[in-house]
Amino acid sequence: MSVLFPHIPIDPIETPISFAARLAEFHLCTDLRSFLKGMGIYPKELLSGKADAIECFAHLAGVSAASLYRNTACAVSKRRFDVRGNLLSAEFFNPGIVFCPACLRDDDTDACDRARGRRGHFAWTLRPVRTCSIHGLALTYRKVAQWDAKFRELDRLVPERGAELDKLVDEAQPQSPSPLQDYVIARLAGAAGPSWLDSQTLEQAVRSTEMLGMLAGFGAEAKPSKLSHQDWDRAGRAGYFVTSAGEQGIRELLYTVQGGFRGRSAKPGRRKLFGATYEWLASSGTSKEPGDIKRIMREHIFETMEVATGGQVLGDMLPARRLHSVETLASESGLDARTMRNVLAAKGLIPVEAKISAYHVFDAQAGRAIAASVQRRTNVSDLPEALNCTRTQVDQLIDEGLLLPISDGPTDAAGRTWKAVPNKEIARFLTDLHERARVVDVIASEMVPISKAAEKAKVPCVAIVQLILAGFLENITRCNQEEGYAALHVDPLEVRTQAALRLPGISASKAFGRLKIPKSTGWALIDRDEGPSPEVLTIKGPTGRYPIYRFAEESLEAFMSEFITDVRVANAYDVQKLVAVSRMKKAGIRPVIKKAEVGVDFYRVSDIAKLEAA
């Protein structure tokens with residue numbers, strides 16, 4: 001077979017089919033299929049990159065076979081193609097006619113050069129390419145019949161010329177190529193790109209980028225079938241910012257998406273959070289492996305969302321639950337969800353905000369430990385019987401921190417009550433109390449119960465218990481026939497002496513009352529590692545345990561003169577608390593000790609003067 005003459009070179013940017021169409025017009029003024037068949041070449045075989053067709057056409061046209069293979073999607077199986085060593089599916093290619101009208105106008109400009117003709121750019125056949133890099137215009141998409149489009153004969157399928165073509169150019173949207181498009185072109189040319197993207201197949205890299213970009217740019221509600229070519233271009237731009245940063249960038253996006261959902265009352269399911277991106281990865285109707293994005297999404301879900309033991313996520317099973325939500329832990333432990341939420345907040349495992357979702361997640365093992373302590377507890381109303389004392393004595397023990405209860409109300413509720421105490425706390429308290437006493441068969445006449453000693457020494461019962469546990473009292477007995485609080489007997493004279501010597505100032509519960517704050521807030525102030533708080537006198541006894549906290553009245557006065565609560569501000573101005581808080585915000589007055597830390601907002605008294613100016 002002879003070489004066509006005169007010789008026309010192939011343009012490096014065009015497809016072999018486009019080159020063949022130009023040769024057909026130049027040499028025989030005929031259509032592509034008639035030209036190829038006349039030369040003994042089946043058009044479909046040249047289109048699909050069959051070796052015999054490529055070699056034959058290369059010899060006929062006087063070009064290298066390599067220049068033809070370079071821009072050919074060579075079929076390797078049904079709907080699978082090889083492009084420069086990259087295995088791609090049919091979905092990676094545009095099914096219709098795609099072109100830049102400005103490029104066609106340039107091709108049409110020199111009418112004297114019949115060899116010029118319209119060139120079908122290989123890049124235009126690729127879905128991720130949506131911008132002409134030469135003219136900075138969005139490509140034009142034209143739907144045609146499937147049988148008519150596969151050879152992409154631009155002379156026939158884009159009939160516009162002159163003014164009509166100028167109109168298409170004017171209507172094309174100016175834009176720069178997306179970074180994803182640049183990446184695809186560069187990778188096909190053999191250039192290296194971001195490491196995570198390069199570790200994926202080209203199709204995996206593009207699909208992951210676009211699907212994550214759809215999530216980032218359009219939200220979880222977006223449907224792939226509803227996105228336009230411009231929408232996909234926008235998704236590619238947003239997604240490349242994510243995937244070019246590798247696994248860290250992908251995880252940051254997933255965290256951001258979850259953060260936008262946090263606080264809603266609805267359950268943050270995988271599909272609700274990640275939308276079509278998750279649907280794509282979970283789909284069983286495709287044979288295409290999505291790549292490393294599937295592992296990253298699966299591990300992220302395992303690490304940040306509650307998944308039950310044995311739960312299946314994207315083809316893998318979680319052997320043991322890592323995270324619980326308030327709802328799932330309450331269900332597992334058989335507790336009321338509201339109680340569970342309050343207990344977890346009191347223990348610091350979840351935020352204290354009243355509106356925290358029942359689906360907020362936390363470490364499953366830590367949650368189970370707290371749930372177990374709740375299940376092994378005694379209600380405050382039953383403590384008098386458990387401790388062998390009165391309800392007033394129980395309240396004193398809790399108020400002074402000798403018993404550590406479980407809160408069944410929000411930690412910032414000023415009037416909240418303590419509903420229960422873990423049984424291990426009760427056992428610890430009774431054990432330590434009993435260890436300080438000598439067991440006797442007969443109680444000596446000078447020894448009296450704690451309640452009687454309190455009357456004689458004129459100190460609260462709880463102060464005597466503090467002196468006992470700290471080790472300041474020596475003469476303590478317990479009848480071997482009795483246990484608990486009421487079983488202990490002390491010497492009132494020793495109590496009076498030690499109380500006067502060891503208990504300066506006022507007790508913690510009285511101090512908190514003087515400050516007009518909840519006792520829980522008072523203890524939170526004391527427990528803070530830094531920041532302003534009332535000066536506390538910490539008294540430690542011979543046992544080295546159960547420190548006694550006392551307060552000098554002058555230190556309380558000093559604290560109150562410098563700091564004030566929103567309630568006290570409201571009382572001072574005779575308005576409701578919400579009104580006082582609103583006025584302070586408008587005046588630019590901000591709390592110096594925040595409610596999130598101690599349950600009540602504290603302000604500087606000196607700042608309140610701004611309210612007068614406002």
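**Sheets, helices and single residues in a predicted model**

Colleague: Which residue in S3 is the bridge partner of Phe81?
Modeller: In this predicted model, strand S2 (residues 80–83) and S3 pair in the antiparallel sense over four bridges. One residue of S3 that takes part is Ser89, the bridge partner of Arg80. For Phe81, the bridge partner in S3 is Leu88.

Colleague: What is the order of the strands in the open sheet of three strands with S1, S2 and S3, and which of them stand at the edges?
Modeller: The pairing in this open sheet is antiparallel, and the order of its three strands is S1-S2-S3. Each edge strand has a single partner strand, so one side of each is left without a neighbour in the sheet, and the strands in that position are S1 (74–77) and S3 (86–89).

Colleague: By how many degrees are neighbouring strands of the sheet S1-S2-S3 turned against each other on average?
Modeller: The sheet has the order S1-S2-S3, with antiparallel pairing. With direction ignored, its neighbouring strands are turned against each other by an average of 40 degrees.

Colleague: Where do the side chains along S2 point, and which of them are buried?
Modeller: The side chains of S2 alternate along the strand, with Arg80 and Asp82 pointing to one face, where they are not buried. The other face takes the side chains that are buried, which are those of Phe81 and Val83.

Colleague: Which residue in S2 does Ser77 stand opposite, and which residue in the turn between S1 and S2 has a positive phi?
Modeller: S1 and S2 pair in the antiparallel sense over three bridges, and in this pairing Ser77 stands opposite Arg80 in S2. The two strands form a hairpin with two residues between them, and the residue in the turn with a positive phi, of about 65 degrees, is Arg79.

Colleague: What is the positive phi of Arg84 in the turn between S2 and S3?
Modeller: S2 and S3 also pair in the antiparallel sense, over four bridges. They form a hairpin with two residues between them, and Arg84 in the turn has a positive phi of about 50 degrees.

Colleague: Which helix lies across S2 and S3, and at what angle does it run to S3?
Modeller: The helix that lies across these two strands is H12 (residues 202–218). Taken against S3, helix H12 runs at about 50 degrees.

Colleague: Which residue in S21 is the bridge partner of Ile506?
Modeller: Three strands form an open sheet in the order S19-S21-S20, with antiparallel pairing. Strand S19 (506–507) and strand S20 (537–539) each have a single partner strand and stand at the edges, so one side of each is left without a neighbour in the sheet. S19 and S21 pair over two bridges, and the partner of Ile506 in S21 is Phe551.

Colleague: Which residue in S21 does Leu537 stand opposite?
Modeller: S20 and strand S21 (residues 548–551) pair in the antiparallel sense over three bridges. Within S21, the residue opposite Leu537 is Arg550.

Colleague: At what angle do H6 and H9 pack, and how far apart are their axes?
Modeller: Pro101, Ala102, Leu104, Arg105 and Asp108 in H6 meet Leu165, Asp166, Leu168 and Val169 in H9. The residues of this contact divide into six nonpolar, no polar and three charged. The crossing is left-handed, and H6 (residues 101–109) packs with H9 (residues 162–171) at an angle of about 150 degrees, with the axes apart by 8 Å.

Colleague: What distance separates the end C-alpha atoms of H22?
Modeller: Helix H22 (residues 423–435) has 13 residues, and at 1.5 Å a residue they should span 18 Å. The distance between its end C-alpha atoms agrees with this expectation, at 18 Å.

Colleague: Is His121 buried or exposed?
Modeller: His121 is found in the loop between H6 and strand S5 (131–132). Leaving aside residues up to four places away in sequence, His121 touches Ile13, Glu14, Thr15, Cys103 and Ile134. Its relative accessibility is 10%, under the 20% cut-off, and His121 therefore counts as buried.

Colleague: Is Phe241 buried or exposed?
Modeller: Phe241 lies in helix H13 (residues 229–243), and its C-alpha atom is 8.5 Å from that of Pro179, although 62 residues separate the two in sequence. With a relative accessibility of 69%, Phe241 counts as exposed.

Key: Residues are numbered from 1 along each chain as its sequence is written. This is a predicted model: local features need pLDDT of at least 70, side-chain atom pairs count only at pLDDT 80 or more; totals for chains, interfaces and linings use all residues. Side-chain values use heavy atoms; hydrogens and water are left out. Axes are lines fitted to C-alpha atoms, for helices over the stretch in contact, and angles run from 0 to 180 degrees between N-to-C directions. A crossing is left-handed if the near helix is turned anticlockwise from the far one by less than a right angle, and right-handed if clockwise. Contact means heavy atoms within 4.5 Å. Ala, Val, Leu, Ile, Met, Phe, Trp, Tyr, Cys and Pro count as nonpolar, Asp, Glu, Lys and Arg as charged, and the others, Gly among them, as polar. The expected span of a helix is 1.5 Å times one less than its number of residues. Two strands pair if DSSP finds at least two bridges between them. Buried means under 20% relative accessible area, exposed over 50%, partly exposed in between (1.4 Å probe, protein chains only).
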